[in-house]
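Today's notebook is about empty space: I wanted to see where this protein leaves room. Here is what I looked up, entry by entry.

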Amino acid sequence: MDFEYTEEQLLIQKTAREFAEEHLAPGVIERDEKKIYPAEQIKMLADLGFMGMMVPEEWGGAGLDTISYCIAMEEISNVDASAGVVMSVNNSLVCQLLNDFASDEQKEKYLKPLASGKWLGAFSLSEPQAGSDASNLLAFARRESDYYILNGTKNWVTNGINSNVVIVFALTEKDVGYRGISSFIVEKGFDGFSTGKPENKLGIRGSDTCEIYLDNCRVPVENRINEEGMGFKIALKTLDGGRIGIAGQALGIARAALEHSVDYAKERKQFGKTISSFGAIQQKIANMATDIDAARLLIHKSAYLKDQHKPYSAEAAMAKSFASKAAMDASTECVQIFGGYGYMQEYGVERLMRDAKITQIYEGTTEVQEIVVARSILEKR
Ligand code: CAA
């Protein structure tokens, strides 16, 4: 077993860290407050090859492994978790899905521009009545000669507004449960496609989230991904990988909380001493550091299994539920260490707490991750 990063992974870490400090740190508080999408920075991430990291070079990607992707997600989200989620959705929910399930024609037309970062993608599974119960869809795709006519409302679509292409899941057959779900590549310009207003969120406010309305939206048959009825399995398989990326995002937030806490605790004096000398503060710092290391090990193990083409659903679920709790706990304790200052926006740590919360909700709530883990353990015995 080797716990060292390779030369290539170290280079990714250095590149991502320097990029984040130089281009994401300036203005991060303002972007959060005013809900400003980091458009320029996302273009730069594309130039670095960070928008299609795991896609082979022949399809426009960087051809890197999943651990490299996790390292980049940690570094970017350490400074700006909004940029982190934009990157994560494009990499793991859109490019990885197309890489695994699309035809060569679809890869040529869509994966190449998405993986190179020329275009941005979104993934649209959820509906108002179908969150954790993700197969309970109402959106319907009716076949009409060479087109599918899509109708329905989708929600919580990250990148929905800024994307060029959305992977949409809809029923092609009713009353057969998840076996009736199919997936489609939908261009923003297709007739009958529109997006709702940007949602006003608690955190990751620099990224956009919206509803999508499909009103007799005409999608060519050649834009259906894989066979009819395969959509749900495609979604769940893709979300397994997505959960590793979100765990990486959570890890970046948790590490930011630790770094801010240490810097502040060594500087802030109360009762004539720096607060880092108090046991209560040391205990918080020790717990944060332990959780962060444990989260990273779970993340890298699931990434390794994915790269080895071994089963990794349960490991990805463990990584996401653990890392997202680590982020929530560390950011809450960080605000506590900062005390009154932590509650003020300009110190930049209350944002960590708000950003951390979503990592326990999207791409499968913690409770869904626990279902996935429990089922796998129970099935093994
Ligand atoms: N990969 C491939 N196939 C899988 C799978 C996986 N990881 N997990 C299950 N399946 C298959 C099953 O084998 C089964 O097929 P068979 O009958 O042929 O064996 C089929 O899929 C249905 O599986 P289940 O019966 O287990 O399905 P379920 O209805 O009980 O759901 C669930 C299980 C884990 C709760 C699942 O619904 C789930 O993950 N829900 C959460 C959805 C989610 O993560 N949504 C996030 C959307 S994206 C987002 O957050 C927004 C964004 O923009 C970031």
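**Entry 1: the enclosed space**

I started with the largest cavity, where α2 gives the most to the lining, with three residues. A reminder to myself before going on: this is a predicted model. How many cavities of 30 Å³ or more does a search of the whole structure find? I got one, and about 60 Å³ of space lies in this largest cavity.

Next I listed what lines the largest cavity. I noted V28, R31, D32, I36, P38 and D80, then A81, S82, R205, G206, R351 and D355. At least two lining residues each come from α2 (28-34), α5 and α10. Sorting the lining of the largest cavity by class gave me six charged, four nonpolar and two polar residues.

**Entry 2: the largest pocket**

I then turned to the open spaces. The largest pocket holds about 1,300 Å³ of space, and I counted 44 residues in its lining. Which residues lie nearest its centre? They are L239, R243, E363, G364 and T365.

I also checked which elements give two or more residues to the lining of the largest pocket. The helices are α5 (81-101), α7 (231-267), α9 (313-338), α10 (350-359) and α11 (366-380), and the strands are β1 (121-124) and β3 (147-158). Helix α7 gives the most, with seven residues. By class, I wrote down 20 nonpolar, 13 polar and 11 charged residues for this lining.

A cross-check with Entry 1 was fun: α5 and α10 turn up in the lining of the largest pocket, and each also supplies at least two residues to the lining of the largest cavity.

**Entry 3: the second largest pocket**

The second largest pocket came last. I found about 560 Å³ of space in it and 15 residues lining it. Nearest its centre lie D2, F3, I67, L297 and H300. Helix α8 (residues 279-307) provides the largest share of this lining, six residues. The class split reads six nonpolar, six charged and three polar.

Where does this pocket lie relative to domain 1 and domain 3? I placed the second largest pocket between them, because domain 1 (7-119) and domain 3 (232-380) both give residues to its lining.

**Entry 4: recap**

For quick reference, I left myself a short list.

- The largest pocket has about 1,300 Å³ of space, with α7 as the top contributor to its lining.
- The second largest pocket has about 560 Å³, and α8 gives the largest share of its lining.
- The largest cavity has about 60 Å³, and α2 gives the most to its lining.

Key: Residues numbered from 1 in each chain as written. Predicted model: local features only at pLDDT ≥ 70, side-chain atom pairs only at ≥ 80, totals over all residues. Heavy atoms only, no water. 1 Å grid on protein atoms, 1.4 Å probe; cavity = no way out; pocket = protein on both sides within 12 Å on 5 of 7 lines; lining within 4 Å. Points joined across faces, edges and corners; volume = space filled by probe spheres on them. Helix = DSSP H or I, 4+ residues; strand = E, 2+ residues; numbered from the N terminus. Nonpolar A, V, L, I, M, F, W, Y, C, P; charged D, E, K, R; others polar. Domains from an automatic or database assignment.
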